[in-house]
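Visitor: Could you take me slowly through the aromatic rings of this structure, and show me how one describes the way they sit together?

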Amino acid sequence: MVLSMRTKLKIFAAAILLVLVVIGGGLTYFNFYVKTPEYTLKAIQESIQNHDVDEFNKYVNVDNVVAGVTNNMLDGIIASQTNLPEEAKVAMNSLATMFKAPIVASLQEGLNNYVKTGSWQSGNTTADAQGAMINSDMILEQSGLTDLTFEGIDYINTNEDNGTAEAGIKVTQSEINQPFVFKVSLEEQADGYWKVVSVDNFADFIKALEDGRKEFIKDYLSQTALIIIDKEKILTENEANLNAALNLGTLGSSQTRTDLKNDIENKILPQLKELQEALQSVEVPKSAETLHNLRLKVCESKIAYYQDYAKWLDNKDIKTLREATDNLKKAKTMEYEANLLTKRIEGQIK
């Protein structure tokens with residue numbers, strides 16, 4: 001069938017009209033979509049992925065968000081100290097105002113660094129109201145922000161009447177391995193775009209973080225106490241047998257020295273190494289890392305002591321005996337420090 005020129009022109013005009021309608025509809029939808037809270041949250045995600053600080057700042061009121069998070073963080077830390085009397089909390093609240101400025105500076109710097117590089121850490125320091133230097137990374141670590149993983153948008157509730165919206169941002173805090181949903185407020189701007197203006201439940205996050213950290217520490221202390229009791233019971237028995245043999249005063253006998261060396265190598269050292277390996281296999285909370293390292297160093301020094309002592313039973317070199325004695329002194333000193341630190345931590349988590 002051959003179409004007339006008039007018919008061809010009609011079909012062409014209809015096609016052009018359809019294209020214009022589609023393009024117009026797409027532009028209308030796009031202009032509508034970019035002026036929604038959904039688009040703002042998506043743009044923030046993309047700005048972080050692209051390390052675009054200017055784009056991030058376009059959709060986030062950083063000053064307002066950081067100021068609110070700082071207040072929430074301080075309130076949450078104070079509220080989490082359940083074992084403190086009310087007057088002590090009031091005193092802490094007054095003291096906290098001194099640290100507000102450096103905390104705000106640290107969070108702003110950390111957030112800017114995170115968007116720009118993907119890392120919260122900066123290695124910088126800020127000063128408090130009295131001029132004392134405060135480590136920014138330590139503040140960021142305490143806030144729990146450095147261990148967050150974004151999981152998705154949980155919900156978005158928009159109130160078009162007053163130009164506000166609330167979004168639930170789902171994250172996982174890896175330090176305590178717990179999920180959390182941040183309540184984020186957005187406001188419609190004069191140009192129709194939306195902007196994040198606050199995180200409204202950061203105090204709840206800090207409380208959950210502190211509670212999680214306490215439970216983690218309790219689990220660590222309980223688990224390691226069982227390990228130490230189990231291994232040191234046998235170790236104490238073997239050490240008692242060794243000391244009994246030493247008290248007999250028969251070290252001049254080559255047979256006695258051989259027997260003592262065998263006991264050290266076949267009974268005491270294996271138990272110490274088992275204790276060391278058992279402690280190394282435990283998952284350690286950040287706040288217990290110093291204690292854990294002390295316990296491992298105690299094991300190292302005790303192992304070195306018995307290795308040197310066994311060596312001395314062979315070579316009778318006074319230098320070897322001195323090295324053994326030095327390692328035993330180190331072990332006892334660190335063991336004392338570890339016990340004090342354990343009691344201090346136990347007092348803090350009651």
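Guide: What follows is a close look at the aromatic pairs and at the charges that lie over rings. Please keep in mind that this is a predicted model, and that a pair of aromatic rings is described by two things, the distance of the centres and the angle of the planes. A search of the whole structure finds 10 aromatic pairs, and one of them joins Phe182 and Phe202, whose ring centres are 5.8 Å apart and whose planes meet at 10 degrees, so this pair is stacked, the angle being under 30 degrees. This pair links distant parts of the chain, since Phe182 belongs to strand S5 (residues 178–188) while Phe202 belongs to helix H7 (residues 202–247), 20 residues apart. Phe182 and Phe202 are both buried, and together with Phe180 and Phe205 they form one aromatic cluster.

Another pair is made by Tyr309 and Trp312, with ring centres 5.4 Å apart and planes at 55 degrees, so that this pair is tilted. Both Tyr309 and Trp312 lie in helix H9 (residues 289–315), 3 residues apart, which is about one turn of the helix. Tyr309 has 9% relative accessibility and therefore counts as buried, and Trp312, at 12% relative accessibility, counts as buried too.

Trp312 also has a charge over its ring, for Arg257 lies over the face of Trp312, at 4.9 Å from the ring centre. Elsewhere in the model, Lys58 lies over the face of Tyr193, at 5.5 Å from the ring centre.

Note on methods
Residues numbered from 1 in each chain as written. Predicted model: local features only at pLDDT ≥ 70, side-chain atom pairs only at ≥ 80, totals over all residues. Heavy atoms only, no water. Phe/Tyr/Trp six-rings, centres within 6.5 Å; stacked < 30°, edge-to-face > 60°. Helix = DSSP H or I, 4+ residues; strand = E, 2+ residues; numbered from the N terminus. Buried < 20%, exposed > 50% of the residue type's maximum accessible area, 1.4 Å probe, protein only. Lys NZ or Arg CZ within 6 Å of the ring centre and 35° of its normal.
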